[in-house]
Amino acid sequence: MKIIDIDNWKRKEHYNFFKQLDYPHYNVCANIDITKFHKFIKENGLPFFITTIYVVSKTANDIKEFRYRIRGENVIEHEKVRPAFTIMGDEELFGFCTVDYFDDFKNFKENTMIEMNKSKENISLKDDSSKDDVLYLTSLPWISFTTASHPININPVDSIPRIGWGKFFEENGVIKLPLSVQVHHALADGLHVGKYFQLIQEIMDNPEKYL
């Protein structure tokens, strides 16, 4: 990671403006086209959940604003960030599972499957709050939502992006997935969230190139 020189940072004014707000997070929800992605993973026997975790994590890692974090009086940029996601266990209770991020999909899939199996055997909400090199991910496969929000800490500041997706559905021959992206406005603007949606659509449209 590296520490951002805030005094000489082009976002200095925006950072100082938004970090003083009581609720500086904002959320954008949109449907993305996963028609080609869905076809590709079915033909290749890939797990939908793990493959989606990889795609949303890769997209975030490829945009530096999603790797910025507010830490005390500093802003830091991580070299890479790891997915931390919810996983369903017995008795309809979910737990947290954090895995390493690998840009190589095969390595990511194999490692994530191992860690998920461990987490399912020991459902827990334990979370190392001292680590901010993560992305918080969640899935709601029961709902094709149109809007979403995520819980955050106000004090101390929480600047970790939240990304969630819902139940995919077909509309006029196109398979669509509702996607929610929540970020801290001191670190990322609508432009950066727009880039996120553009890049994830590129991956979904060309899965053979990225998976």
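Trainee: What volume of space lies in the largest pocket?

Mentor: About 750 Å³ of space lies in the largest pocket, a volume being the space filled by probe spheres set on grid points that are joined across faces, edges and corners. The model is predicted: local features need pLDDT of at least 70 and side-chain atom pairs count only at pLDDT 80 or more, while totals for chains, interfaces and linings use all residues. Residues are numbered from 1 along each chain as its sequence is written, and side-chain values use heavy atoms, with hydrogens and water left out.

Trainee: What makes a residue part of the lining of the largest pocket, and which residues lie nearest its centre?

Mentor: On a 1 Å grid over the protein atoms alone, a pocket is an open set of points with protein on both sides within 12 Å along at least five of seven lines, and a lining residue has an atom within 4 Å of a point. The largest pocket has 31 such residues, and Asp-127, Tyr-136, Asp-158, Ile-160 and Arg-162 lie nearest its centre. The largest share, 4 residues, comes from strand E6.

Trainee: How many cavities of 30 Å³ or more does the structure hold, and what sets a cavity apart from a pocket?

Mentor: The structure holds 1. In a cavity a 1.4 Å probe fits but cannot get out, whereas a pocket is open. The largest cavity contains about 40 Å³ of space. Glu-65, Tyr-68, Val-183 and His-184 are among the residues that line the largest cavity.

Trainee: Why is strand E10 described as largely enclosed?

Mentor: Strand E10 spans residues 174-184, and 9 of its 11 residues are buried, so the rest of the structure largely encloses this strand. Buried means under 20% relative accessible area with a 1.4 Å probe and protein chains only, against over 50% for exposed and partly exposed in between. Strands here are DSSP runs of E with at least two residues, numbered from the N terminus.

Trainee: Which strands pair with E10, and how do you know that they pair?

Mentor: Pairing requires that DSSP finds at least two bridges between two strands. Strand E2 (residues 25-33) is joined to E10 by 9 bridges, strand E8 (residues 162-166) by 4 and strand E9 (residues 169-171) by 3; each therefore meets the criterion. Lys-176 in E10 is the bridge partner of Asp-33 and also of Phe-169, while Val-181 in E10 stands opposite Ile-163. E9 and E10 form a hairpin with 2 residues between them, and Asn-172 in the turn has a positive phi of about 55°.

Trainee: Why is the pair of Tyr-196 and Phe-197 called edge-to-face?

Mentor: Rings of Phe, Tyr and Trp (its six-membered ring) pair if their centres lie within 6.5 Å, and planes under 30 degrees apart are stacked, over 60 edge-to-face and the rest tilted. Tyr-196 and Phe-197 stand at 6.3 Å centre to centre with 80° between the planes, so the pair is edge-to-face. Both residues are buried. Ring pairs also link Tyr-54, Tyr-101, Phe-105 and Phe-108 into a cluster.

Trainee: What makes Lys-80 sit over the ring of Phe-102?

Mentor: A charge sits over a ring if NZ of Lys or CZ of Arg is within 6 Å of the ring centre and within 35 degrees of the ring normal. The charged end of Lys-80 is 5.9 Å from the centre of the ring of Phe-102 and sits over that ring.
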